[in-house]
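Welcome! Here are a few exercises to work through with the structure in view. Try each task before you read its solution.

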Amino acid sequence: MHPHVFKSNTHHFPPPRAASQRNRKPGAFRRWLRTTFLQWQRRKMIETLRGMDDRLLRDIGIGRSDIPRVVNGLTDRELSMRPVSSDVEIDAR
């Protein structure tokens, strides 16, 4: 039965968080974790691009010496993109 239909003394849902808890900035550990994760994503993207041959890099408009600059200009969303190709096998899990 729905918890709001009958009055009971037990709490079915946690109390709502105060506005100060919702709007606070992430702690030092979360900032460190996010920064570390973004650095890992950038290194991974740089390795991937460096692994491509020069012809493929030219096709996408990147020179080999421009790879670090291009990767540093990517947004967080762009860094998290996965390749879409018939050659790439994606794990279904």
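Let's begin with the overall picture: buried residues make up 11% of the 93 residues in this protein, and the model you see is a predicted one.

**Exercise 1. Find out how many helices and strands the protein has.**

Step 1: Go along the chain from the N terminus, where the elements follow the order α-α-α-α-α.
Step 2: Count them up, which gives five helices and zero strands.
Step 3: Now turn to the surface, where the protein exposes about 8,900 Å², with 55% of it supplied by carbon and sulfur atoms.

**Exercise 2. List the residues of the largest nonpolar core, and find the helix that gives the most to it.**

Step 1: Recall a general tendency: in soluble globular proteins, nonpolar side chains tend to be buried together.
Step 2: Pick out the eight residues of the core, which are M45, I46, L49, L57, I62, I67, V71 and L79.
Step 3: Sort them by helix; α2 and α4 (67-72) each supply at least two residues of this core, and α2 gives the most, with three.
Step 4: Look around L49, leaving out residues up to four places away in sequence, and you will find that L49 touches L57, I60, R64, I67 and V71.

**Exercise 3. Decide whether Q41 is buried or exposed.**

Step 1: Locate Q41 in helix α2, which covers residues 28-50.
Step 2: Compare its relative accessibility of 10% with the cut-off: buried means under 20%, so Q41 counts as buried.
Step 3: Check its contacts; not counting residues up to four places away in sequence, Q41 touches L79 and S80.

**Exercise 4. Examine the salt bridges, and find where R34 and D76 lie in the chain.**

Step 1: Keep a general idea in mind: side chains of opposite charge can pair when their charged atoms come close.
Step 2: A search of the whole structure turns up four salt bridges.
Step 3: In one of them, the side chains of R34 and D76 meet at 2.7 Å, N to O. This pair links distant parts of the chain, since R34 is in helix α2 and D76 is in helix α5 (residues 76-79), 42 residues apart. D76 is partly exposed, at 30% relative accessible area.
Step 4: Another salt bridge joins D59 and R55, with the closest N and O atoms 3.5 Å apart. These two are four residues apart in helix α3 (residues 54-59), so about one helical turn separates them. D59 is exposed, with a relative accessible area of 54%.
Step 5: D66 and R69 also form a salt bridge, at 3.8 Å, N to O. Here D66 is partly exposed at 27% relative accessibility, whereas R69 is exposed at 56%.

Conventions:
Residues are numbered from 1 along each chain as its sequence is written. This is a predicted model: local features need pLDDT of at least 70, side-chain atom pairs count only at pLDDT 80 or more; totals for chains, interfaces and linings use all residues. Side-chain values use heavy atoms; hydrogens and water are left out. Buried means under 20% relative accessible area, exposed over 50%, partly exposed in between (1.4 Å probe, protein chains only). Contact means heavy atoms within 4.5 Å. Accessible areas come from the Shrake-Rupley method with a 1.4 Å probe; for residues, only the protein chains shown count as cover. A nonpolar core is a set of buried Ala, Val, Leu, Ile, Met, Phe, Trp, Tyr and Cys residues joined through side-chain atoms within 4.5 Å.
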